[in-house]
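Have the sequence and the 3D view open side by side for this one. We will start where the two chains meet and work outwards from there.

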Amino acid sequence: MKTLKLSELQLDTLAEIFNIGIGSAAASLSEMINEDVQLSIPSVSCLPVMQASSTLTGDQSAILSAVEQHFSGEFEGTAFLLFPKGESLELVRRLISSDLPLEELSEFEEDALKEVGNVILNACFYTISNMLDCHLDGDIPNHVQGSCQEILGRGDGDIDEKVVLMLSMTFSIPSGDINGEISYMMNVKSMQNFLRIVDTYLTQIIS
Amino acid sequence: MHSTTRLSTAAFDLLNVGVLIIDQQCCVVEWNEWLSKSSAVSAAAAKGQRLDEIFPDVVRGRLGQAITHALDAQLSSTLSSAINRFVFPLTKFDGSSLQQVPIAQSLLIKPIVEAADSYCMICIHDVTETVKREGILREKSNQLQKLAKDYEVSEQRSRGIIESSLDSVLTFTLEGLVQSLNPAARGMFGIADEREAVLSIFDLLPELSVKKDIGVLEGLVIDVSNGWPKLMARRIDGVEIPVEYSVSYVDDLFYTMVLHDLTEREAVEKRLKRLAQYDGLTGLANRRLFTEVLATTVMRARQHGELSALMLLDLDRFKSINDSMGHEAGDELLSQVSSRLEGCFRDDDLVARLGGDEFAIVLNSVGGSRGAQPTDSVSMDVGVGFVTRAAERVVGVFSEPFNLQGREVFSSASIGIAMCSTDTESEARLTKCADVALYAAKDQGRNNYQFYTENLDKACEIKLGLENNLHHALKNRELMLSYQPQISRATGEICGVEALLRWRHPSKGNISPEVFVPLLEATGLIQQVGEWVLSEACMQRKRWQASKLLSDSCPMAVNISGKQFNGALLDAVRKAMGDAGIEPCMLEVELTESTLMEKTQETNALLNELSGMGVAISIDDFGTGYSSLSYLKDFPVTSLKVDKSFVIDIIDNDSSSSIAEAVIALAHTMGLKVVAEGVETQQALDVLSRFECDVFQGFLFSKALNVEDFECFARQQHWQSLMPPVSSGPSNNVISGH
């Protein structure tokens with residue numbers, strides 16, 4: 001199991017960058033929901049996959065609803081937007097003003113969730129790509145459901161080779177807060193590439 | 001063009017999704033056939049145009065952002081139909097409505113990098129049908145939800161109704177297995193809530209059973225049009241309770257039964273029955289119960305030879321006690337009489353109050369052997385003996401006075417008894433016999449009991465017949481007066497006439513006053529007849545005055561019955577005298593001793609009034625009543641009539657002779673005239689003359705005569721020869737009256 005240690009500076013920088021990206025996502029979402037949406041990312045951390053059990057719920061076996069979006073380019077991996085299952089439905093309900101029965105997540109609700117995930121993740125990607133001046137391809141989002149381990153454990157490659165960049169995110173809507181989590185899962189090599197790009201950016205700023 | 005390109009182009013236009021590709025300037029580079037058809041914008045028209053010129057207002061917001069993301073950052077996006085349903089203005093032909101309808105869309109935006117150029121592909125999916133299906137599904141889902149909720153509510157309501165019902169409701173299968181009991185049912189059968197034991201309806205209602213072959217419950221009555229069928233139910237603790245039930249099928253799957261506990265109701269019914277059967281005042285059985293019991297008694301006598309007896313009892317002169325002391329005292333008397341009566345009989349006997357002062361007692365099984373058919377004479381003797389002793393007891397309890405409102409009052413009863421045996425035809429007949437016996441008891445002077453015999457029947461019949469005839473006798477001129485002369489010892493002349501009432505019955509001939517006068521009194525005709533007698537007697541007296549047959553000092557004596565002796569009498573007397581036009585001195589009223597003894601206060605007043613009018617008053621049947629002599633000094637009486645019983649055997653019987661002598665002496669001492677009735681022999685006349693009796697009346701002189709014969713008698717004066725020599729003495733002065 002490999003670990004990657006990020007410096008304080010790197011973590012702070014990432015937080016800054018993501019907050020900017022999140023800001024525009026918030027604007028889009030506000031339009032979509034017709035409510036004033038505030039998004040914020042209080043913290044960033046980097047962990048091995050096995051350790052990266054969700055901070056959303058205390059219960060490791062809790063079912064999460066997630067939008068995953070694969071990305072490639074100068075670094076590759078999968079971005080996740082994670083919600084506890086109930087909260088995701090709540091969000092969707094507000095989006096499409098539906099009063100569907102609890103357990104049903106129809107095709108439309110899935111689509112709506114995917115779109116929300118898409119908005120947020122793309123906003124982040126866009127910001128990263130612009131500010132760090134790097135090239136990324138973002139794939140079409142998918143909806144997945146399961147425990148945190150199950151969700152993160154999918155995909156190709158050796159799990160031990162992967163690390164997760166975790167950003168906890170807070171959705172603040174007048175009708176009540178929703179807590180979610182953004183995770184970027186990459187293999188170590190990609191992460192190292194990513195970090196190099198971050199450093200480059202920092203250097204440019206300082207000088 | 002290259003064949004692959006041609007194929008690709010063909011394929012591109014055959015796609016059933018809309019595809020357009022724009023370049024970095026947002027100009028349309030590719031536009032497929034599907035999109036042309038749906039947008040009415042041809043590929044030729046679209047290519048080279050900016051997308052936001054082809055569709056103004058479309059490329060903004062989410063779509064705009066997505067396009068930017070794709071062109072600038074190679075990021076893919078999805079626009080869900082749920083949030084962005086009609087991004088592009090697209091339509092299609094709908095077969096079912098025969099119209100162009102808008103197309104609901106789901107978009108996919110992907111970046112394409114070709115050499116160094118960025119392009120953006122927009123893929124448009126028609127999700128109209130999905131939307132529609134979604135809508136229907138949702139609608140159905142809502143309906144189902146509503147139905148489920150309504151059902152839930154309805155269930156709760158039904159359950160609530162049954163759970164809260166005060167009636168016991170239970171369900172059981174066709175085999176009798178109890179499925180459910182509501183709280184009321186659990187209470188009724190004493191089943192604790194926690195008890196989950198398997199119960200069979202046959203445990204709870206043992207009178208039901210299973211029809212072996214069919215498996216359907218036997219004995220279960222479904223039709224309640226005649227009221228709910230009744231059963232005995234058994235509680236878990238073994239106690240049996242009376243219940244009524246109604247039952248119905250439910251879908252041939254199980255029975256539903258509703259039960260009412262009848263314990264309370266039966267208790268109430270019992271109380272009501274009691275109220276309906278017993279007399280409120282005395283607590284004795286009432287007429288209704290008596291009738292029922294009597295019917296049973298007669299039946300048992302006829303069928304099983306059980307010897308019984310019926311006693312009918314009337315309180316003597318109850319009405320006069322009620323009138324003089326008031327109804328409260330009357331009720332008190334009835335109560336006390338009832339207690340004493342009950343004490344005379346066994347528990348098995350029924351003592352009933354029929355109403356008023358009428359009582360009836362049914363004595364069951366008075367000793368004749370059971371099963372003896374028909375009742376033999378030995379059994380009858382035993383029975384009669386038993387009943388006689390009972391009757392004696394009853395007469396006995398009246399010997400003690402009753403305490404009413406602080407006063408001691410004596411009462412007595414007349415009792416009629418009829419034996420009930422195998423020979424008894426019916427209750428009606430039995431009652432009639434007892435009634436006849438009662439009548440006879442009253443006739444015998446009351447305060448006694450009489451057993452029914454067939455002779456009584458005859459006597460009774462006769463009496464009843466006469467009663468009926470009497471009503472018409474006056475109208476039919478069957479009643480008439482006969483006149484008997486009274487002869488003075490002193491003058492030897494007629495000094496008075498007694499008017500006597502006679503009844504000549506058209507078929508039965510002359511009927512004795514001893515027979516019909518009581519009937520007159522009993523029927524109340526006495527008032528009317530009495531007035532007629534007074535009136536007729538006065539008229540006749542007038543005629544004889546006019547014809548100078550009698551001297552003015554010769555009064556007409558008229559008998560006044562106890563029933564006439566009231567205030568109305570005064571008016572009758574005045575009217576009779578007035579109408580006839582006679583002086584009061586020409587009229588004398590005769591009252592019996594017993595009449596005068598009955599109501600002393602009123603008596604005094606009436607006598608004084610009569611005396612005040614100037615009418616003479618005579619005491620008839622003197623010496624026969626239970627009276628005290630002290631009244632003689634208080635009542636304004638003119639003369640005494642010695643009862644014929646003392647006169648008839650005055651010769652043979654020393655006592656009679658002594659009494660007659662004493663009465664005459666007593667009367668003289670008090671200044672009263674004495675008349676001897678029933679003078680039939682010369683010897684009697686002589687003796688009475690010796691005793692200085694003032695007036696004689698009897699067959700020796702004449703029987704009662706009609707008008708013609710009397711006038712004849714008066715003129716011929718044949719009696720003179722009988723008269724003793726006129727003697728002198730101070731007693732002679734008495735005749736002229738006072």
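In this predicted model, 21 residues of chain B are in contact with 25 residues of chain A. On the chain B side, α5 (61–73), β3 (77–79), β6 (105–114) and α6 (128–164) each supply at least two of the touching residues. The largest share comes from α5(B), with five residues. By character, the chain B residues that touch chain A divide into 13 polar, six nonpolar and two charged. The predictor gives the complex an ipTM of 0.85 and a pTM of 0.47.

**Around the contact region of chain B**

Two of the contributing strands, β3(B) and β6(B), also belong to a sheet. This is an open sheet of five strands of chain B in the order β2-β1-β7-β6-β3, with antiparallel pairing. Its edge strands are β2 (28–31) and β3 of chain B, each of which pairs on one side only. Direction ignored, neighbouring strands of this sheet are turned by 20° against each other on average. To find the join between β3(B) and β6(B), look for three bridges between antiparallel strands; B:T78 stands opposite B:L108 in β6(B).

A hairpin is worth a look as well. Strand β4 (residues 91–94) and strand β5 (residues 99–102) of chain B pair in the antiparallel sense over four bridges, and B:F93 stands opposite B:Q100 in β5(B). Four residues lie between β4(B) and β5(B), and in this turn B:L98 has a positive phi of about 55°.

What about helix α6(B), another contributor to the side that touches chain A? How many of its 37 residues are buried? The number is two, so α6(B) lies largely in the open. From its first C-alpha to its last, α6(B) reaches 53 Å, close to the 54 Å expected at 1.5 Å a residue.

**Further along chain B**

A second open sheet of five strands has the order β16-β17-β15-β20-β21 in chain B, and here the pairing is mixed. At its edges are β16 (350–355) and β21 (449–451) of chain B, each pairing on one side only. The twist averages 20° from one strand to the next. Inside this sheet, strand β15 (residues 308–315) and β17 of chain B pair in the antiparallel sense over six bridges. The bridge partner of B:L313 in β17(B) is B:F359. Helix α13 (residues 377–397) of chain B lies across β15, β17, β20 (413–420) and β21 of chain B, and runs at about 165° to β20(B).

**The two chains side by side**

Here are the overall figures for each chain.

| Chain | Helices and strands | Residues and buried share | Contacts with a separation of 6 or more that join residues 24 or more positions apart |
|---|---|---|---|
| Chain A | five helices, seven strands | 207 residues, 43% buried | 71% |
| Chain B | 25 helices, 30 strands | 738 residues, 33% buried | 58% |

From the N terminus on, the elements of chain A run α-β-β-β-α-α-β-β-α-β-β-α. One residue to pick out is A:S183, found in strand β7 (residues 178–187) of chain A. Is A:S183 buried or exposed? With 24 other C-beta atoms within 10 Å, where 20 or more are enough to count as buried, A:S183 is buried. The C-alpha atoms of A:S183 and A:E68 are separated by 9.3 Å, although these residues are 115 residues apart along the chain.

**How far to trust chain B**

The mean pLDDT of chain B is 86, and 93% of its residues reach 70 or more. Among the elements of chain B, strand β17 (residues 358–363) has the highest mean pLDDT, 95. The lowest, 61, belongs to strand β11 (residues 217–218) of chain B. Over residues 728–738 of chain B, pLDDT stays under 50, and the model has 16 contacts beyond four places in sequence for this stretch. Where pLDDT is low, the predicted coordinates should not be read in detail.

Notes
Residues are numbered from 1 along each chain as its sequence is written. Chains are lettered from A and ligands numbered from 1 in the order in which they are written. This is a predicted model: local features need pLDDT of at least 70, side-chain atom pairs count only at pLDDT 80 or more; totals for chains, interfaces and linings use all residues. pLDDT is the predictor's confidence in each residue, from 0 to 100. Two residues are in contact if their C-beta atoms, placed from the backbone, lie within 7 Å. Ala, Val, Leu, Ile, Met, Phe, Trp, Tyr, Cys and Pro count as nonpolar, Asp, Glu, Lys and Arg as charged, and the others, Gly among them, as polar. Two strands pair if DSSP finds at least two bridges between them. Axes are lines fitted to C-alpha atoms, for helices over the stretch in contact, and angles run from 0 to 180 degrees between N-to-C directions. The expected span of a helix is 1.5 Å times one less than its number of residues. A residue is buried if 20 or more other C-beta atoms lie within 10 Å of its own, exposed if 12 or fewer, and partly exposed in between; C-beta atoms are placed from the backbone.
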